[in-house]
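Grab a coffee and open the viewer. Below are some exercises, each with a solution worked step by step.

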Amino acid sequence: MSSKRQIFRTASTISVFVLLFTLYSLTEGKVYEKCPLARALDKHKISSRTLISNWVCLAMAESGGDTDKVTTLDNVSANYGIFQINSKTWYREGRKGGRCNKKCEDFLTDDLTDDIECAKQIYNDGGFAINAKIYTKCELVKQLSAQGVNRSYHGHWVCLAMAVSGLDTEKTTMLPNLSASYGIFQINSKEWCRVGYKGGKCNMKCEDLVTDNITNAIKCSQIIQQQNGFNEWVMWQKKCKGKDLPDVGHCSAIG
C-alpha cells in the first residue's frame, strides 16, 4: 500500500511540475526575428502590407523584437513589450485601463494580440510619430554638450537636425537606391550603419539611430562630419551653409 502511495505522490508531483512549466511557457516572452515578426503582424492584420516593414522597423528599434522588454522611465511610467508602449497613457499595471483598456502585463507574452490591438489604436490616433521624441533646440544642445561637441559648432548641428528631420528622433526616409536615412541627423544605411546588425563606417545598427536616446546618432554624425564635413548633408548646404544659424547661445543658461 505504501508503495502505491509513493507512486501516487510522485505522479502528482510530476503533474504539478508539468502544469507549472506549461503555464510558464505560455506566458514567457519571445525574441522575434524580422521575417517571423512580419508574418505574425500580417496574420493579425496590423495594417496594409505596404506598412509591415515600418512596423518591423519600429519593433526592432524599440525592443529588438523582444516581447518581454520593460523600460522604466523617469516619470514613474514604463514602456512594455515589443512596441514599447507606455503605461502612463495607454494601459495600467495590475488592471485593465488606459486608452487601450488593457493590463501592462499582457504585453509581455509571445502572444502579440494585445500589443497589436493597442499599437493599431496608437497609430490610428497619430501615426508612427506618436511615439517619437521631437527635441527642442536647447534639448539638442544639452545632448551635444554631453557628448563633448565643441560649442562653436552647436548652431550648425541644430540647423542640420532642423533641416533634415525637424528634430525628430524616429524619422526614417526610404530612398530610391534602396538605402534609408535614419534618425535626427538622417544617417544613411548605405555607408554608415547596417539594418539588423552592427556595421558600416560607424559600426552601428541603423535601428539604434532612431531612439529617443541620441547618443549613437551624435557619435556617428561626428564621424561623418570629421571625414566629410557638413557638406555630406545636402540639406545642410541648402539650409545652413552661409546662412544665419539658430541662436542657441542662451541654451547653456537654461541647463
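**Exercise 1. Find the buried residues of helix α7 and say what covers them.**

Step 1. Pick out the buried ones, where buried means under 20% relative accessible area, exposed over 50% and partly exposed in between (1.4 Å probe, protein chains only). In α7 these are T215, A217, I218, C220, S221, Q222 and I224.

Step 2. Look at what lies over them. The cover includes α5 (137-146), α6 (154-165) and β6 (187-188), counting a contact as heavy atoms within 4.5 Å.

Step 3. Check the helix length. Helices (H or I, at least four residues) and strands (E, at least two) are DSSP runs, numbered from the N terminus. The expected span is 1.5 Å times one less than the number of residues, so the 14 residues of α7 (215-228) should span 20 Å, and the end C-alpha atoms are indeed 20 Å apart.

Step 4. Step past the end of the helix. G229 follows α7 and has a positive phi, near 75 degrees.

Before going on, a word on the ground rules. This is a predicted model, in which local features need pLDDT of at least 70 and side-chain atom pairs count only at pLDDT 80 or more, while totals for chains, interfaces and linings use all residues. Residues are numbered from 1 along each chain as its sequence is written, and side-chain values use heavy atoms, with hydrogens and water left out.

**Exercise 2. Take stock of the chain as a whole: how many helices and strands are there?**

Step 1. Count the elements: the chain has 9 helices and 6 strands.

Step 2. Turn to burial. Of the 255 residues in the chain, 39% are buried.

Step 3. Ask how far contacts reach along the sequence. Taking contacts between residues at least 6 apart, 50% join residues at least 24 apart.

**Exercise 3. Work out the strand order in each open sheet.**

Step 1. Recall the background. Strands of a sheet pair through backbone hydrogen bonds, either parallel or antiparallel. To count as a pair here, two strands need at least two bridges found by DSSP.

Step 2. Trace one sheet. Its 3 strands run in the order β1-β2-β3 with antiparallel pairing. At the edges sit β1 (70-72) and β3 (85-86), each pairing on one side only.

Step 3. Zoom in on a pair. β2 (residues 78-80) and β3 are joined in the antiparallel sense over 2 bridges, and Y80 stands opposite I85 in β3.

Step 4. Now trace the sheet with the order β4-β5-β6, again an open one of 3 strands with antiparallel pairing. Here β4 and β6 are the edge strands, each with pairing on one side only.

Step 5. Zoom in once more. β5 and β6 pair in the antiparallel sense over 2 bridges, with S181 facing N188 in β6.

**Exercise 4. Is S179 buried or exposed, and what does S179 touch?**

Step 1. Place the residue: S179 is in the loop between β4 (172-174) and β5 (180-182).

Step 2. Read off its accessibility. At a relative accessible area of 5%, S179 is buried.

Step 3. List the contacts. Setting aside neighbours within four places in sequence, S179 touches T173, M174, N188, S189 and K190.

Step 4. Look for a side-chain partner. S179 and N177 share a polar contact of 2.5 Å between their side chains. (A polar contact is a pair of N or O atoms within 3.5 Å; within protein, one must be able to donate a hydrogen and the other to accept it, and residues adjacent in sequence count only if both atoms are side-chain atoms.)

**Exercise 5. Which residues are linked with K102 in a network of salt bridges?**

Step 1. Set the criterion: a side-chain nitrogen of Lys or Arg within 4 Å of a carboxyl oxygen of Asp or Glu. The structure holds 4 such salt bridges.

Step 2. Start with D114, which bridges to K102 with the closest N and O atoms 3.0 Å apart. This pair links distant parts of the chain, 12 residues apart: D114 is in helix α4 (residues 113-126) and K102 in the loop between β3 and α4.

Step 3. Add E117, whose salt bridge with K102 has its closest N and O atoms 2.7 Å apart.

Step 4. Put them together: K102, D114 and E117 form a network of salt bridges.

Step 5. Compare exposure. K102 counts as buried at 13% relative accessibility, D114 is partly exposed at 22%, and E117 is partly exposed at 42%.
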